[in-house]
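Colleague: I am new to this structure and would like a close look at a single part of it. Could you take me through one aromatic residue and its surroundings, and then on to the parts around it?

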Amino acid sequence: MAVRHEKWYLGDGSTVISVTDEERGIEVLYRLHISVLRNRSSILNDVFSLPAANNTAPTSSQRGGVSVDGSDDNHPFCLPSPNVTPSKFDHLVMYLYCGPTDYPQTDQFLFDVLELSSYLDISDGVNYVVDTFHHRVNFCPVLRFRLARTYSILDWIEPAVRQLLEWDTIAFELQHVEDIGNAAFYHIMMAKAKLHRLRAGMAFKCPPLERDPSCRRSCSAAWETEWWNGLAKHILHPAWTMTGYMIRQQLEVTEIEGVCDRCQKLTVQALTDRGIFAKDQEILEEAIREVKRIHGDLTPSQFIQPPAPDDDF
């Protein structure tokens with residue numbers, strides 16, 4: 001049974017489109033303007049631009065011997081199910097015919113427009129959704145990653161992974177794993193495990209002080225005391241977010257009681273030369289590269305060093 005859509009069966013429309021409502025067991029008919037569909041969708045433009053075969057004029061329901069239909073209710077142009085449902089198509093038609101002030105302020109509207117715009121190659125629809133989510137203040141990284149890998153929005157892969165690497169491991173739910181995908185989740189968890197081992201090792205073993213030959217003070221003892229009573233505790237704290245780069249910057253500007261300036265500078269430089277402060281970032285960048293590679297993104301890293309913290313450890 002076919003039923004005309006109460007709103008989108010337009011009196012001056014030029015083509016009839018049928019969408020299956022599998023739950024109700026009916027066909028919902030839309031009557032829309034073929035010019036709107038052709039101008040916005042390259043796929044529909046190709047379909048409705050098929051040439052006539054054998055130089056004979058096509059009938060209202062056939063062009064070039066290929067069934068194009070849409071001439072009337074008895075010969076509608078059928079959009080395939082389950083790719084297209086009435087609720088999804090309602091949102092797409094609303095996007096095509098209405099202005100932003102009339103759009104539903106829901107994620108489902110954006111999801112449906114993105115899905116069908118990708119399916120029918122409506123580039124402005126994809127761009128609208130991408131831009132709307134991009135300017136969202138609290139854009140969940142799991143959602144960003146799911147949309148990125150589903151619709152090949154490669155620019156979203158890296159920022160989503162960087163945010164997910166900052167999450168507490170226990171914050172991940174089973175649905176998150178399904179949305180992210182097993183391969184990406186594996187690399188994220190491996191990176192977090194490596195970071196935990198690195199930080200535990202840093203906290204457990206105080207790096208030796210590099211003594212200035214002219215120093216006559218007990219800098220080594222003061223350095224170890226500050227490490228055990230200060231920095232080591234911070235590194236092991238569950239909420240610790242300071243990177244190795246930020247630790248180095250802080251050590252460069254913080255005056256450690258009992259440690260002379262010359263010994264402190266030599267020690268920080270020695271640790272820098274050994275790559276101690278860069279190891280955590282190397283772990284993160286390796287995980288991000290692997291996740292990007294899995295999804296076909298071979299672009300360079302977008303990483304920018306954060307500014308130095310204002311407070312002492």
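**A close look at F109**

Modeller: Before anything else, please keep in mind that this is a predicted model. I will begin with H33, as a point of orientation, and then turn to F109. H33 lies in the loop between β3 (26-32) and α1 (34-40), and it is buried because its relative accessible area of 18% falls under the 20% cut-off. The side chain of H33 makes a polar contact with that of Y97, at 2.9 Å. Apart from its neighbours within four places in sequence, H33 is in contact with L10, D12, G13, S14 and Y97.

Now to the residue in question. F109 has its place in helix α4, which covers residues 107-120, and with a relative accessible area of 0% F109 is buried. Which residues does F109 touch, once its neighbours within four places in sequence are left aside? They are H91, M94, Y95, Y103, P104 and Y128. Three of these contacts return when the rings are considered, since ring pairs link Y95, Y103, F109 and Y128 into a cluster. For a sense of distance along the model, the C-alpha atoms of F109 and L231 are separated by 49 Å, and these two residues stand 122 residues apart along the chain.

The count of aromatic pairs in the model comes to 14. One of them joins Y103 and Y128 in an edge-to-face arrangement, with 5.4 Å from centre to centre and 75° between the planes. This pair links distant parts of the chain, because Y103 sits in the loop between α3 and α4 while Y128 belongs to helix α5 (residues 123-134), 25 residues apart. The two partners are not covered to the same class: Y103 counts as buried at 7% relative accessibility, whereas Y128, at 23%, counts as partly exposed. Another edge-to-face pair is formed by F133 and W156, with 6.4 Å between the centres and 90° between the planes. Here too distant parts of the chain are linked, with F133 in helix α5 and W156 in the loop between α6 and α7, 23 residues apart. Both F133 and W156 are buried.

From the rings we can step to the sheet. Four strands form an open sheet in the order β1-β3-β2-β6, and their pairing is mixed. Its edge strands, each pairing on one side only, are β1 (2-9) and β6 (77-79), and the twist averages 35° from one strand to the next. Within the sheet, β1 and β3 pair in the parallel sense over four bridges, and A2 stands opposite E27 in β3. Helix α3 (residues 86-97) lies across β1, β2 (15-21), β3 and β6, and runs at about 10° to β3.

One further element completes the tour, namely helix α9. This helix, residues 182-204, has 23 residues and reaches 33 Å from its first C-alpha to its last, close to the 33 Å expected at 1.5 Å a residue. Its buried residues include A184, F185, H187, I188 and M189, and also L195, L198 and M202. What covers the buried residues of α9 includes α6 (141-151), α7 (157-166), α8 (174-180), α10 (219-236), α11 (244-253) and α13 (279-294).

Definitions and conventions
Residues numbered from 1 in each chain as written. Predicted model: local features only at pLDDT ≥ 70, side-chain atom pairs only at ≥ 80, totals over all residues. Heavy atoms only, no water. Helix = DSSP H or I, 4+ residues; strand = E, 2+ residues; numbered from the N terminus. Buried < 20%, exposed > 50% of the residue type's maximum accessible area, 1.4 Å probe, protein only. Contact = heavy atoms within 4.5 Å. Polar contact = N/O pair within 3.5 Å; in protein donor to acceptor, adjacent residues only side chain to side chain. Expected span 1.5 Å × (residues − 1). Pairing = 2+ DSSP bridges. Axes fitted to C-alpha atoms, helices over the stretch in contact; angles between N-to-C directions. Phe/Tyr/Trp six-rings, centres within 6.5 Å; stacked < 30°, edge-to-face > 60°.
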